[in-house]
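Trainee: Got a minute to look at a model with me?
Mentor: Yes, put it up.

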There are 2 protein chains.
Amino acid sequence: MALLDLLGQRWALRILWELRDSSLTFRALQEACDGVSPSVLNSRLKALKEAQFVDATSDGYALTALGKELQEEFGGLYQWSEKWAASLT
Amino acid sequence: MALLDLLGQRWALRILWELRDSSLTFRALQEACDGVSPSVLNSRLKALKEAQFVDATSDGYALTALGKELQEEFGGLYQWSEKWAASLT
DNA sequence: TCTTGTGCTACTAAAAAAGTAGCACTATGT
DNA sequence: ACATAGTGCTACTTTTTTAGTAGCACAAGA
């Protein structure tokens, strides 16, 4: 599962999540990810670009069509996670 | 997203994936995960148990009902990833 | 009782991430 | 023209995480 190897890396899922409904600049993305270090962020962005999930546009980083598709696959998961979080308390 | 923090850790997604259709012993799970070190495996299993995604049964580690639900949420993703992997070549 | 398999813990070495500074470039304003 | 602010990074050191390996304690079977 190459996809899991990619998404299993720290911050990978989070980055996609933060880009879910708007593009963000490198620095904005960094802040959104609790101040992740630029070296790690850059490394992840590189991998996510190679995977064609994100792309650098004129107004920052954004999900590609493929990235949006992936996001939709995760859509149910995000909803589900709220139920899950509630059930743990 | 507490769920992403959990699943974003290395091996977490992989462990759930390896347990997708049968329970595995600690050592079998270790082998299935390319020989991940026992300390990390133990650490992940602990977290996944606390999250109630896996449980230690008489014949090894297995997904709980909640774990299976999560797996179903991922079901589409696994299929999708094959298409994705093919499109990258 | 000896082996085999089990779930681990403990330890050191290697890799990854955090944290911080700062460079090169592009606006934008004065 | 010149300073200012914002951008996407790179480079470096410290800290945390993971890898890698050894081995213990327990249980079941021969």
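Mentor: We can go through the fold, the pairing of the chains and the DNA side.

Mentor: This is a predicted model, where local features need pLDDT of at least 70, side-chain atom pairs count only at pLDDT 80 or more, and totals for chains, interfaces and linings use all residues. Residues are numbered from 1 along each chain as its sequence is written, and chains are lettered from A and ligands numbered from 1 in the order in which they are written.

Trainee: What is the secondary structure of chain A?
Mentor: Five helices and two strands, in the order α-α-α-α-β-β-α. Helices (H or I, at least four residues) and strands (E, at least two) are DSSP runs, numbered from the N terminus.

Trainee: What box do its C-alpha atoms fill?
Mentor: Roughly 40 × 25 × 25 Å along the principal axes, for chain A.

Trainee: New topic. How does chain A superpose on chain B?
Mentor: By a rotation of 180° with 0.0 Å of shift along its axis, RMSD 0.0 Å. That is the relation of a two-fold axis. The fit is by least squares on C-alpha atoms of residues with pLDDT of at least 70 in both copies.

Trainee: Which residue of chain A comes closest to that axis?
Mentor: G8(A), with its C-alpha at 2.6 Å.

Trainee: And the DNA: which residues come nearest to strand C?
Mentor: S37(A), V40(A), T25(B), F26(B) and P38(B), out of 18 around DNA strand C. Near means that the C-beta atom, placed from the backbone, lies within 6 Å.

Trainee: Which helices supply that surface?
Mentor: α4 (38-50) of chain A, plus α3 (26-32) and α4 (38-50) of chain B, each supply at least two residues.
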